[in-house]
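Dear colleague,

I am handing over the structure below, and what was found in it follows directly after. Please keep it open beside this message while you read.

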Amino acid sequence: MLWIEEKAQSALERVREAQSRQVYPYFREFESGGLHTTIAGKPVVNFSSNDYLGLTNHPAVREAAKSAIDRYGTGLGSSRVQATTDAHVALERRLAAWFGFERCLVFTTGYQAMVGTIMALADRDTSLILDSYSHACILDGSFMAAGTPGSQAELRFFNHNSPKSLARCLRTKERKNALVLLEGIYSLDGDEANLEELLDVCDAYGAAVLCDDAHGTGTLGHGGRGILEKYGLQGRVPVVISTFSKTFGGIGGILLGSEQVVDHVKHSARSFLFSASLPAPLIAAADTILGMLEAEGPALVNALQSRADYMRSRLLAAGFDLAQSNTHIMPIMVRDERKALFLHVALLEHGIMMVPITYPGVKQGEERLRLNVTLGHSEEDIDRAVKLLIQYGKAFKVIA
Ligand SMILES: Cc1ncc(COP(=O)(O)O)c(C=O)c1O
């Protein structure tokens, strides 16, 4: 057997075991788009989606994407350097103005925006200082910046959301410049960054900050501009990254910053320069959703928050542990891999999908179901999900 076959076989041991017990939870095949879909012909309400405002399937968004195909086609055949449309540039201008930054650059994914930006900004004079709960895109961008010949930034982690631990990292860093990497909402735990206190520490040490607000965009702040708007911290974070893959109904990365910084990243981020341009239908979808946020952002954010509050209060009353969640992302803590897998299967049998997150996605003992409340979920969807969670939560002794 070739060594790659042996390696794959041993790496897949847990996957094969879950598949043989028929509790393997991933890559289920949706037969239509949206939060309400079917799997193997059975209707399913998806509570693990990031379509936070439920706009991915909005008729106006679909129509805009179709018209963009008629004008620009399905793809652009090259990277942004030689495949930028007027629609990309118009959207970048609108996004910069809406978020309140000088410039915006649209990448093909949020992951690429993060990796490319970190690599463009960090060098051997840089200490990259990461929250210990950082998303994979922050970790990967930092590992690449730390391991690239000639760049080799220093890498340090501070305890999740802890200003004291961040201060310790900044005090003892070994390089001249510090770039601190934070997230608006941490996606597996659903808790917000302790932003103001962390920014005070960064200011005290002259550190630059990059905030990934993928999950705060469209969900936090009066008009949905994210964590900076919510806490009145605009102007204190020089670089923000977000995505079209959640509120904005498609896929694509957003970089926001000053003219100088964004232009520098535009001319040096390898994930931007050497990967194909975001297709125009996705630009049109994001543009249409941005119009909706401009027109009715506060109402959308309020509606999402009251729906999330409704679900949270019912889950807490039933005795569920939602970890540190204080947003529309509410992990159902199960703290046992087998129970998480079986609970997921039981719910899915009744048409409710909440994907389990197990080791190595989270530490052992922190297994959970992913539950995101969105504006696309009706009160009836929520009531049904809560009723089933209580029934099976008791059966599997997740709650008393
Ligand atoms: C915090 C965070 N940042 C970045 C990304 C990457 O975004 P995209 O899906 O656009 O690649 C994600 C998506 O999972 C995310 O959760």
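The shell around the ligand divides by class into five nonpolar, eight polar and two charged residues, and I should say at once that these values come from a predicted model. Of the 15 residues around the ligand, those that come nearest are Thr109, Gly110, Tyr111, Thr243 and Ser245, while helix α5 (residues 110-121) supplies the largest share of the shell, with three residues.

Turning to the sheet, seven strands form an open arrangement with mixed pairing, in the order β3-β9-β8-β7-β6-β4-β5. Its edges are the strands β3 (103-107) and β5 (154-158), each of which pairs on one side only, and neighbouring strands are turned against each other by 20° on average, direction ignored. Within this sheet, strands β8 (residues 239-243) and β9 (residues 253-257) pair in the antiparallel sense over four bridges, with Ile241 standing opposite Leu255 in β9. Helix α4 (residues 86-99) packs on the sheet, where it touches β3, β8 and β9, and the direction of α4 makes about 130° with that of β3.

Helix α4 also meets helix α12 (residues 280-317), their axes coming within 10 Å and crossing at roughly 30°; since angles under 35 degrees count as roughly parallel, α4 and α12 are therefore roughly parallel to each other. Their crossing is left-handed, and the contact includes Leu91, Leu95 and Trp98 of α4 as well as Ile283, Asp287 and Leu290 of α12. By class, this contact of α4 with α12 has nine nonpolar, one polar and three charged residues.

With best regards

Conventions:
Residues are numbered from 1 along each chain as its sequence is written. This is a predicted model: local features need pLDDT of at least 70, side-chain atom pairs count only at pLDDT 80 or more; totals for chains, interfaces and linings use all residues. A residue is near a molecule or strand if its C-beta atom, placed from the backbone, lies within 6 Å of it. Helices (H or I, at least four residues) and strands (E, at least two) are DSSP runs, numbered from the N terminus. Ala, Val, Leu, Ile, Met, Phe, Trp, Tyr, Cys and Pro count as nonpolar, Asp, Glu, Lys and Arg as charged, and the others, Gly among them, as polar. Two strands pair if DSSP finds at least two bridges between them. Axes are lines fitted to C-alpha atoms, for helices over the stretch in contact, and angles run from 0 to 180 degrees between N-to-C directions. Two residues are in contact if their C-beta atoms, placed from the backbone, lie within 7 Å. Angles under 35 degrees count as roughly parallel, over 145 as roughly antiparallel, 65 to 115 as roughly perpendicular and the rest as oblique. A crossing is left-handed if the near helix is turned anticlockwise from the far one by less than a right angle, and right-handed if clockwise.
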